[in-house]
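Student: I should like to understand how the descriptive terms applied to a structural model are justified. May we go through one together?

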Amino acid sequence: MALLKRTPGEKVFNVINYLVMIVLCIVCLYPLWYVLVASLSDPVQMYANRGILLWPLQPMTTKGYTLVFEDPNIPRSFLNTLIYLGVGTLLNMFVTCMGAYGLSRKGLFWNGKVMKLIAFTMYFSGGLIPFYLMVQQMNLLDTYSGIILPVLVNTWNLIVMRTSFAGLPDSLEESARLDGANDWTILWRIFLPLAQATVAVIALFYAVYWWNNWFNPSLFLQDKTKYPLQLRLREILLKNDTNSMTQVGAVGQSQQEQYRLLVKYCTIIVATVPILVVYPFLQRYFVKGVMVGSIKG
């Protein structure tokens, strides 16, 4: 088959398009690269450095990571984040799948009215103060449950999942019921495997939310041993709270200020890299899952 000849205008458009994409990639990736190489740089030279940084300043060191992982607050915060992420994502998916399945059934009483009420919450809420008072009156302040239970369902994720379920053929459900299957079996044995791409994407959305979650914990938690990693990172970046990592003995007294900066960069990498590693494994589900769950129904 002969190759289609491109017009001069199409060639110019392609060149400009490639240049714009390259610039956008650099703009998005350079800040992360800067933090990475800064975390491996000599703290004294890094403290005095200004401008663009493309490679670690010599002598390269991993002392910052040693200080971060020797701080008992970081492993504890990391463990807390894994607890919030694991338990929270499982409960999110369980409730979302159950709700989406029920709302996707055409024979559900008041299905349309219930969906309108659910969609209403996407645009209007009670506000932050009523939300805080609700958590307080339920005795959930300063508890793991107080972080997880009030946000069990994300409305957008529920709608996407419900739309994906509604797009599956009715004949699948009918044939399953003829074989004696109940709603529980239909959901977990038929619908979820067929909507695997959407389920993977929604699980990723929830997991990213829990990994990056810091606002609600900052409101509801007083006990720092329950802080997630991102809230601990916020304490380090905004409040310059690195005393436990840069105390005299861990570093020299004259180098404390330089190592404060190094520790900040290292903590950012520790808090960012794990969730970035997950994306390549779910990337093949991402576009397919969102499109299937959003263009039908």
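Tutor: The discussion below takes several descriptions of this predicted model and sets each against its criterion.

Student: What is the overall make-up of the chain in helices and strands?

Tutor: The chain has 15 helices and zero strands. Of its 297 residues, 37% count as buried. The chain exposes about 17,700 Å², and carbon and sulfur atoms supply 67% of that area. Among the contacts with a separation of 6 or more, 71% are between residues 24 or more positions apart.

Student: Which residues touch the most other members of the largest nonpolar core?

Tutor: They are Y34, A38, M46, L53, V68 and Y265, in a core of 27 residues. Two or more residues come from each of α1 (8–39), α3 (63–70), α11 (196–212), α13 (229–238) and α15 (256–294). The most is given by α15, with 10 residues. Another core, of 23 residues, lies apart from this one and includes C97, A176, F191 and V199.

Student: What does A38 contact, leaving aside its neighbours within four places in sequence?

Tutor: A38 is in contact with M46, L53, L262 and Y265. Ring pairs also link Y265 with Y30 and Y34 into a cluster.

Student: Why is the pair of F120 and F124 called stacked?

Tutor: The structure holds 15 aromatic pairs, and F120 with F124 is one of the ring pairs. Their ring centres are 5.0 Å apart, which falls within the 6.5 Å limit for a pair. Their planes stand at 25°, and a stacked pair requires under 30 degrees, so the pair is stacked.

Student: What makes F124 exposed, and how is F120 classed?

Tutor: F124 has 54% relative accessibility; exposed means over 50%, so F124 counts as exposed. F120 has a relative accessible area of 47%, which lies between 20% and 50%, so F120 is partly exposed.

Student: Why is the pair of W184 and W188 called tilted?

Tutor: The two rings are 5.5 Å apart centre to centre, with 55° between the planes. Stacked requires under 30 degrees and edge-to-face over 60, and 55° meets neither condition, so the pair is tilted. Both residues lie in helix α10 (residues 183–194), four residues apart, about one turn of the helix.

Student: How do you know whether W184 and W188 are buried or exposed?

Tutor: W184 has a relative accessible area of 47%, and W188 has 29%. Buried means under 20% and exposed over 50%; both values fall in between, so both residues are partly exposed.

Student: How is L172 classed, and where is its place?

Tutor: L172 is in helix α9 (residues 170–178). Its relative accessibility is 29%, which is neither under 20% nor over 50%, so L172 counts as partly exposed. Not counting residues up to four places away in sequence, L172 touches I190 and L194. L172 and I186 are 14 residues apart in sequence, and their C-alpha atoms are 8.8 Å apart in space.

Student: Which residues make the nonpolar surface patch, and what makes V20 eligible for it?

Tutor: The patch is made by V12, I16, V20, M21 and L24 and covers about 420 Å². V20 has a relative accessible area of 40%, and a patch residue needs over 30%, so V20 meets the accessibility condition. V20 is in helix α1, and the value of 40% makes V20 partly exposed.

Student: What is notable in the backbone at P59, N139 and D142?

Tutor: The peptide bond from Q58 to P59 is cis, with omega near -5°. P59 lies in the loop between α2 (43–48) and α3. N139 has a positive phi of about 60° although it is not a glycine, and D142 likewise has a positive phi of about 60° without being a glycine. N139 is found in the loop between α6 (128–137) and α7 (144–148), and D142 is also in the loop between α6 and α7.

Student: Why is N139 called exposed and D142 partly exposed?

Tutor: N139 has a relative accessible area of 68%, over the 50% cut-off, so N139 is exposed. D142 is at 25%, between 20% and 50%, so D142 counts as partly exposed.

Technical notes
Residues are numbered from 1 along each chain as its sequence is written. This is a predicted model: local features need pLDDT of at least 70, side-chain atom pairs count only at pLDDT 80 or more; totals for chains, interfaces and linings use all residues. Side-chain values use heavy atoms; hydrogens and water are left out. A nonpolar core is a set of buried Ala, Val, Leu, Ile, Met, Phe, Trp, Tyr and Cys residues joined through side-chain atoms within 4.5 Å. Buried means under 20% relative accessible area, exposed over 50%, partly exposed in between (1.4 Å probe, protein chains only). Contact means heavy atoms within 4.5 Å. Rings of Phe, Tyr and Trp (its six-membered ring) pair if their centres lie within 6.5 Å; planes under 30 degrees apart count as stacked, over 60 as edge-to-face and the rest as tilted. Patches are made of residues with over 30% relative accessible area and no salt bridge: like charges are joined within 9 Å, nonpolar side chains (Val, Leu, Ile, Met, Phe, Trp, Tyr) within 5 Å. Accessible areas come from the Shrake-Rupley method with a 1.4 Å probe; for residues, only the protein chains shown count as cover. A salt bridge is a side-chain nitrogen of Lys or Arg within 4 Å of a carboxyl oxygen of Asp or Glu.
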